[in-house]
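Open the model in your viewer and keep the sequence panel beside it. The stops below give a selection to make and then say what is there.

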Amino acid sequence: MSNYVGVLVSDPWLQSQFTQVELRTLKSKFYSTKTLYGRVTVKHLPPVLVKLKDFNGKFDEKKIKTILEESYPNRNAEVEFETFLRAFLCVQSRSKGALSFLKTSTTTFHHAINESEKISYVSHINNYLREDPLLKSYLPINPTTKALFDRVKDGVLLCKLINIAVPGTIDERAINMKKELNPWERSENLSLCLNSAKAIGCTVVNIGTQDIAKGTPHLVLGLIFQIIKIQLLANLNLKKTPQLVELVEENQDVEELMGLAPEKLLLKWMNFHLKKVGYEKQVTNFSSDVKNGEAYAHLLNALAPEHSTHVTLEITDPSERAKKVLEQAEKLDCKRFISPKDIVEGSANLNLAFVAQLFQQRNGLSYESSKRPTSFAEMITEDEETSQEERCFRLWINSLGAATYVDNVFEDVRNGWVLLEVLDKVSPGSVNWKQANKPPIKMPFKKVENCNQVIKIGKELRFSLVNVAGNDIVQGNKKLLLAFLWQLMRYTMLQILNKLKSHWQGKEITEADILNWANQKVKKVGRTSHAVSFKDKKLSNGIFFLELLSAVEPRVVNWSLVTKGETEEEKKLNATYIISVARKLGCSIFLLPEDIIEVNQKMMLILAASIMNCSLQEQSDTGSTVSDDVSSVTEEIFNLSNKLTMKM
């Protein structure tokens with residue numbers, strides 16, 4: 001289930017410079033700007049900062065621009081949230097006459113990194129990727145040095161690691177693998193890496209391609225841990241491990257178990273076994289609750305009674321007990337993610353990794369179908385039918401940078417709070433926070449109040465919500481939720497494109513415009529593919545989208561790798577290649593190859609719109625014009641019949 005957390009940044013010093021109120025305000029401004037333009041660059045900062053009350057009357061936009069140019073000379077450089085915070089401090093320090101303070105805080109502050117974590121992650125990378133023949137020049141990495149931060153700078157190693165965590169995420173044919181990569185090729189790899197990381201559930205709102213290119217240690221380690229965690233927790237769900245149904249308590253629903261975040265499910269699994277062996281304390285975290293090693297000693301005795309020994313429990317020194325625990329874990333073929341020191345010090349990341357590995361090696365659960373509720377199989381089947389869209393919307397919501405992380409859309413949005421956060425991101429100022437009820441919410445009517453406001457805003461945004469009430473969301477109506485989220489995603493994409501409408505002579509961009517832009521773009525480079533609509537079955541072979549991507553940036557598509565798309569296998573090869581090439585170009589997309597093969601109309605629209613956004617954004621950054629595109633497409637739009645209007 002969802003948990004409200006404050007705004008957190010990876011830099012402790014930076015965190016200390018702001019109150020939570022200030023961070024929430026600045027985060028809202030940043031993501032509102034990102035929603036409007038698709039990304040935030042240095043040139044977007046002056047008009048945003050000048051409106052803040054901190055600088056009201058002190059600086060005009062021109063002065064802020066001059067101040068920022070000293071530290072951020074490249075106006076087209078993409079800005080992430082932490083950089084935005086530093087830019088704020090940059091201007092603030094000038095207003096206080098403290099430029100020397102700024103230079104210290106923004107350029108020479110050193111982040112402390114956990115050496116134990118670095119050593120563990122490097123060992124993991126060496127172990128899982130050592131057989132890859134294409135990585136001979138990268139591996140093995142010496143875990144005691146800083147070599148890791150150099151090896152990740154071109155994106156290749158991280159792309160490979162993502163594919164270990166979630167196989168098939170990246171079509172490795174799209175990775176630039178030459179021995180000597182030019183800056184463009186490195187940048188493409190890093191875009192592919194970060195957009196693919198988002199697509200498997202990583203939170204990357206505070207990290208940009210430039211951070212990896214620089215090998216920024218704390219950001220690189222943070223990203224690597226997220227990727228490894230996703231790999232280690234991959235089987236912690238009922239579809240992959242049906243035996244987890246054994247954790248359902250008498251007064252609990254299977255659906256409630258299905259809605260738990262993987263980390264919480266791991267804790268529930270751990271406590272289930274601890275209770276069976278008489279350990280009375282409840283483990284609620286992977287840090288302070290496991291520091292003394294007692295829980296681990298009992299857990300290992302429960303999972304591996306053949307290696308059971310009471311000697312571990314009789315040891316009073318925590319370090320010695322931790323040492324014994326790890327000796328026992330070795331007998332289960334668990335690779336050592338942690339040292340005794342890491343257990344005693346309560347390293348949350350490494351302890352989580354250790355417990356996840358124990359689960360992988362021996363979960364200790366039975367497979368008695370008689371224990372399952374009769375509806376269990378139907379629930380899993382239903383989940384498979386809807387999980388594709390749920391996954392897409394979940395990843396999209398988390399990419400917006402809201403304070404609440406969503407683990408399960410159908411469960412986490414039912415109190416209305418997450419949807420209000422999302423609406424505030426995509427339509428700033430639309431939410432009346434004074435009338436919103438913040439989690440945890442115990443009273444059902446307060447959840448309904450939140451959801452009623454969600455429906456009210458949706459209607460103001462002209463969503464189709466006939467006979468829909470807030471209580472439908474509270475009740476978890478899946479069909480309704482998916483329809484609402486689709487309209488929200490569609491609205492957001494059209495808003496982003498409308499901010500670039502100078503390319504379109506000031507008119508509002510519609511779905512028909514996107515279709516015609518794509519067709520004209522392909523036609524303009526001499527290609528013959530043409531899409532009648534976003535449900536045109538001919539799109540299933542992938543050729544149209546590959547030609548569109550090539551029209552936007554000719555060098556991103558290697559045509560020797562493209563198939564004719566005649567068989568199902570050829571279609572899948574093209575579809576996986578399209579997704580990776582689009583991410584390489586800079587598209588933040590969450591569709592699957594199946595969406596292209598099956599011609600999912602909604603996902604086809606989002607894919608085309610994302611490519612269009614990347615194309616127009618690039619033209620805006622380089623100052624080029626698209627008058628030819630405008631005139632030809634405008635003429636085509638003028639002649640459009642109403643039959644081409646999309647209705648989803």
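**Start at a buried ring**

Select F545, which is buried, with a relative accessible area of 0%. Keep in mind that this is a predicted model. Add F544, which is buried as well, at a relative accessible area of 5%. Across the model the count comes to 11 aromatic pairs. F544 and F545 form an edge-to-face pair, because their ring centres are 5.6 Å apart and their planes stand at 80°, where over 60 degrees counts as edge-to-face.

Now widen the selection to helix α27, residues 543-552. How many of its residues are buried? The count is 10 of 10. Besides the two phenylalanines, the buried residues include I543, L546, E547 and S550.

**Across to helix α28**

Select N574, found in helix α28, which covers residues 568-585. Is N574 buried or exposed? N574 counts as buried, because its relative accessibility is 0% and the cut-off for buried is under 20%.

Show the atoms around this side chain. A polar atom of the N574 side chain lies 2.9 Å from the backbone oxygen of N541. Leaving out residues up to four places away in sequence, N574 touches N541, G542, I543, L546, V562, T563, K564 and G565. Two of these, I543 and L546, are among the buried residues of α27, so keep both helices displayed.

**Two stops for side chains on rings**

Select R527 and W559. R527 lies over the face of W559, at 4.4 Å from the ring centre.

Then select F30, Y31, F81 and F84. Ring pairs link these four residues into a cluster.

**Along helix α25**

Select residues 478-498, which make up helix α25. What distance does this helix reach from its first C-alpha to its last? The span is 30 Å for 21 residues, close to the 30 Å expected at 1.5 Å a residue. Helix α25 is mostly covered, with 17 of its 21 residues buried.

Go to the N-terminal end of α25 and select N477 and K479. N477 caps this end: a side-chain oxygen of N477 lies 3.3 Å from the backbone nitrogen of K479.

Next, select L480, which lies in the same helix, α25. L480 is buried, with a relative accessible area of 14%. Apart from neighbours within four places in sequence, L480 is in contact with V468, D472 and I473. Draw a C-alpha to C-alpha distance from L480 to L465: the two are 15 residues apart in sequence and 9.0 Å apart in space.

**On to helix α26**

Select E511, found in helix α26, residues 511-524. E511 is buried, with a relative accessible area of 4%. Which distance separates the C-alpha atoms of E511 and R490? They are 9.3 Å apart, with their positions 21 residues apart along the chain counted as separation.

**Zoom out**

Clear the selection and show the whole protein chain as a cartoon. The protein chain has 31 helices and 0 strands. Of its 648 residues, 55% count as buried. Among contacts between residues at least 6 apart in sequence, 63% join residues at least 24 apart. Finally, switch to a surface: the protein chain exposes about 29,500 Å², and carbon and sulfur atoms supply 50% of it.

Conventions:
Residues numbered from 1 in each chain as written. Predicted model: local features only at pLDDT ≥ 70, side-chain atom pairs only at ≥ 80, totals over all residues. Heavy atoms only, no water. Phe/Tyr/Trp six-rings, centres within 6.5 Å; stacked < 30°, edge-to-face > 60°. Buried < 20%, exposed > 50% of the residue type's maximum accessible area, 1.4 Å probe, protein only. Lys NZ or Arg CZ within 6 Å of the ring centre and 35° of its normal. Helix = DSSP H or I, 4+ residues; strand = E, 2+ residues; numbered from the N terminus. Polar contact = N/O pair within 3.5 Å; in protein donor to acceptor, adjacent residues only side chain to side chain. Contact = heavy atoms within 4.5 Å. Areas by Shrake-Rupley, 256 points an atom, 1.4 Å probe, with all protein chains shown as cover. Expected span 1.5 Å × (residues − 1).
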